[in-house]
Amino acid sequence: MTGRSYAQTLRALKESYRRGHDGSTVDEMLARLGEGPALFTDAGATSTCEDSTCEEREGGLCWGYERDCTEDNRLFVPRCDGSPKPWAQTMEGKMELFWTQADFGYVKKVVDSLAILCSPKGKIAEGASQLICSAQLRYCRARNLYMDLRRYRQMTEKQGTYRSFLEDIFEEGEIGGNCELDINRLRDNARHKSPLQSWYAELGGYSSVDFKVKEGEQCDEIVTRPTVFIKLDAVVNMYHHFCDFFNIYASQHVNGSFSDDVQIVIWDTTLSKEFRDPFIETWRAFTRHPVMKLAQFQGKRVCFKDVVFSLLARMQQGLYYNTYLTPDCRGSGLMQAFTKHLVPRLGIPQDSRLPERVRVTLLSRSTKHRRIVNENELVNALKTVGYFDVSVVDYKFREFPFLEQIKTSHNSDIFMGIHGAGLTHMIFLPDWAGVFEMFNTEDPRCYYDLARLRGIEYITWEKGDKIWKEAEGYSPTSGNPSPKFTNYTLDVEELMRLVTGLGDRVRERKMERHAHSLGLFTTS
């Protein structure tokens, strides 16, 4: 960074994150961004601008985290009802709070907290390194990263083969780069050290090495393809796993590139090299290459040219598992953009025919618990509604491939089911749709908040005297009574009251959207 002070470099770095985007619709912006450059090019969002002009483009619509993006030009605006107090003094302040908690304002907070922890000793193109991280090392980006994994098997076997997130695995000199390390600044970001909250356990031992990280005797393997490291939550549970995907998408915004020519590496400190994921098709939205695991590099000194350490699923006040949402607000633009990013990249079509019909999809369960005892009776009643097209699905992976599940969900106007991870499919519902959590099993916030993020209408069962347990349920771990471990019978008339009311509102929104698409009327 010859001739440039630390403050100047950091300012240029942050300004390059905030360059505005021109465009008129989210679909056009996403299409253009999807064709953008690979990660970490010198002209990209994380560039220090040493090799580029960092010119800022005049606005049009923008995401909201760009420096010259005004509130009026933000592509998405959340909606809030009720009183602003005690959360804010004005309704505008309440909307801004929600935007900061769960929208592109969250991305802006990450960008604003970026700091250079290790400054390159020369030119990056010649093997000098760089480490840039957000507050508490929740997101990091590294250039020319050196990683010595020759002790990987020994370390893993010593601490237990099946532990996925071993901490402090690197000794002095085993992870780092050819750069000037600000050790005090690094150590000041240790407060969130935890497997799924930050990268401090992995990068806290980052050190300065005295050799250039490039071709040569110090590197047994050189990874030139831009690399994204991610630590995963529970891959068998759609709700938790899609929190991983959502944070990868948010990280793409922080990094400024949506290229799929990247290598995703699962940071999993076991010996297993095999990656299994029931939602494996979803990775196509982020990479065209097979997903790898860290164990595939064991026994080697690996030099990575360009690396992002992604935002994680269980960060404190993170996205979306631990997100605190301001009451009476909904419609996260970040979540809506996430949906619009996934659907075209996964090739999911929307059947726009018959706008006057309402497609009702009931998610059935063949599990031991949380089944609807009188499901057939409820379905037969729903089929008597003249404008309903009713389908019953059971999303078993062996019988119902995941992309087909998404297609079914995306082509549903009402998606309904009892509390469970399958309700995460609401992410893929069209914007006019509604979701009905038929019984929330006394866990009222989980899918209600996810629907608020997605910006779609949510209803749940209202009358406790109109639903009956099959038997008392008990948690297999604690032995305590739990409403999640039994089955239920629902009153038919009450269900019809709820679903037909939702259906009327959904049909109105759907037909209005259809009329807009045909140009039949416009709003000022």
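These are my notebook entries on what I looked up in a predicted model of this protein.

**Entry 1: overall content**

I began with the whole chain, where I found 13 helices and 20 strands. Of the 524 residues in the protein, 56% are buried. I then turned to the contacts with a separation of 6 or more, and noted that residues 24 or more positions apart account for 75% of them.

**Entry 2: the nonpolar cores**

In soluble globular proteins, nonpolar side chains tend to be buried together. With that in mind I looked up the largest nonpolar core, which has 115 residues, and listed the members that touch the most other members: Met147, Phe229, Phe242, Trp283, Phe309 and Phe338. Helix α8, residues 238-255, supplies the largest share of this core, with ten residues.

I followed Phe229 further and, setting aside neighbours within four places in sequence, recorded its contacts with Met147, Trp199, Val265, Trp267, Leu294, Phe304, Val307, Val308, Phe309 and Ser310. I also noted a second, separate core of 30 residues, which includes Trp461, Leu495, Leu502 and Val506.

**Entry 3: helices α3 and α4**

Which residues make the contact between α3 and α4? I first took the geometry: α3 (residues 91-102) and α4 (residues 104-112) pack at an angle of about 65°, and their axes are 4 Å apart. The crossing of these two helices is right-handed. On the α3 side I listed Trp99, Thr100 and Gln101, and on the α4 side Phe104, Gly105, Tyr106, Lys108 and Lys109. Sorted by class, the contact has three nonpolar, three polar and two charged residues.

I stayed on α4 to look up Val107, which is found in that helix and counts as buried at 1% relative accessibility. Beyond its neighbours within four places in sequence, Val107 is in contact with Tyr65, Ala250, His253, Val254 and Leu334. I also took the C-alpha separation of Val107 and Glu66, which is 10.0 Å for two residues 41 apart along the chain.

**Entry 4: Glu494**

Is Glu494 buried or exposed? I located Glu494 in helix α13, residues 492-517, and its relative accessible area is 5%, so it counts as buried. Its side chain is joined to that of Arg497 by a polar contact of 2.7 Å. Not counting residues up to four places away in sequence, Glu494 touches Trp461, Glu462, Lys463 and Lys466; Trp461 is also listed in the second core.

**Entry 5: Arg288**

I next looked in the loop between β10 (263-266) and β11 (292-293), where Arg288 lies. Arg288 has 54% relative accessibility and therefore counts as exposed. Leaving aside neighbours within four places in sequence, I found Arg288 in contact with Asp260 and Asp261. Arg288 and Asp260 are 28 residues apart in sequence, yet their C-alpha atoms are 5.6 Å apart in space, and a polar contact of 2.7 Å joins their side chains.

**Entry 6: His419**

My last lookup was His419, in the loop between β16 (414-417) and β17 (434-437). With a relative accessible area of 5%, His419 is buried. Apart from residues up to four places away in sequence, His419 touches Arg365, Arg370, Glu437, Phe439, Asn440, Thr441, Asp443, Cys446, Tyr447 and Lys484. I noted that Glu437, one of these partners, falls within the range given for β17.

Methods. Residues numbered from 1 in each chain as written. Predicted model: local features only at pLDDT ≥ 70, side-chain atom pairs only at ≥ 80, totals over all residues. Heavy atoms only, no water. Axes fitted to C-alpha atoms, helices over the stretch in contact; angles between N-to-C directions. Left-handed = near helix turned anticlockwise from the far one by under 90°. Contact = heavy atoms within 4.5 Å. Nonpolar A, V, L, I, M, F, W, Y, C, P; charged D, E, K, R; others polar. Core = buried A, V, L, I, M, F, W, Y, C linked by side-chain atoms within 4.5 Å. Buried < 20%, exposed > 50% of the residue type's maximum accessible area, 1.4 Å probe, protein only. Polar contact = N/O pair within 3.5 Å; in protein donor to acceptor, adjacent residues only side chain to side chain.
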